[in-house]
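Welcome, and please open your viewer. We will go from one selection to the next, and at each stop I will tell you what is there.

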Amino acid sequence: MELHSKELLYGLSEFYKIFGDQTRLRILDALMNKPLCVNEISEILDMTQSAISHQLKNLRASNLVKTEKIGKNVYYSISDDHIKIILKYGLEHISEVM
């Protein structure tokens with residue numbers, strides 16, 4: 001049996017830490033269907049734009065979301081299908097347990 005390197009497992013643990021915050025998960029959940037700007041996300045989640053922007057910065061730094069500027073607005077979306085799959089399977093697992 002071959003074990004993964006310490007560095008790879010450290011990266012994985014850092015990756016999963018991002019999912020450990022309810023606000024970040026709520027943002028990712030909101031972005032599952034379509035790209036949204038900060039104003040739209042803050043309205044959906046009933047939170048300040050400042051709080052949303054702070055968490056979006058963390059999500060961007062971890063490559064969980066990407067941005068696209070359209071006119072004056074910056075739209076955020078899930079960075080790739082891997083993230084959508086992780087969220088989908090995590091939610092399915094929790095739903096089965098509840």
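Start by selecting glutamate 14 and lysine 17: the two form a salt bridge, with their closest N and O atoms 2.9 Å apart. Here a salt bridge means a side-chain nitrogen of Lys or Arg within 4 Å of a carboxyl oxygen of Asp or Glu. Now show helix H1, residues 6–18: because glutamate 14 and lysine 17 are 3 residues apart in it, about one helical turn separates them. Glutamate 14 has 29% relative accessibility, so it counts as partly exposed; that class lies between buried, under 20% relative accessible area, and exposed, over 50%, using a 1.4 Å probe and protein chains only.

A word on what you are viewing: this is a predicted model, in which local features need pLDDT of at least 70 and side-chain atom pairs count only at pLDDT 80 or more, while totals for chains, interfaces and linings use all residues. Residues are numbered from 1 along each chain as its sequence is written, and side-chain values use heavy atoms, leaving out hydrogens and water.

The structure holds 2 salt bridges, so where is the partner of lysine 88 in a salt bridge? Select glutamate 92, whose side chain meets that of lysine 88 at 3.4 Å, N to O. Both sit in helix H5 (residues 81–97), 4 residues apart, which means about one helical turn lies between them. Glutamate 92 is partly exposed at 34% relative accessibility, and lysine 88 is partly exposed at 43%.

Keep H5 on screen and add helix H2 (22–31): each supplies at least two residues of the lining of the largest pocket. To see that lining, select Phe19, Gln22, Leu25, Arg26, Leu28, Asp29, Met32, Ile86, Leu87, Gly90, Leu91 and Ile94. On a 1 Å grid over the protein atoms alone, a pocket is an open set of points where a 1.4 Å probe fits, with protein on both sides within 12 Å along at least five of seven lines; lining residues have an atom within 4 Å of a point. The volume of this pocket is about 230 Å³, counted as the space filled by probe spheres set on the points, which are joined across faces, edges and corners.

Finally, zoom out to the whole protein. It has 5 helices and 3 strands, which are DSSP runs (H or I, at least four residues, for helices; E, at least two, for strands) numbered from the N terminus. Along the sequence they follow the pattern α-α-β-α-α-β-β-α. The C-alpha atoms fill a box of roughly 50 × 35 × 20 Å along the principal axes.
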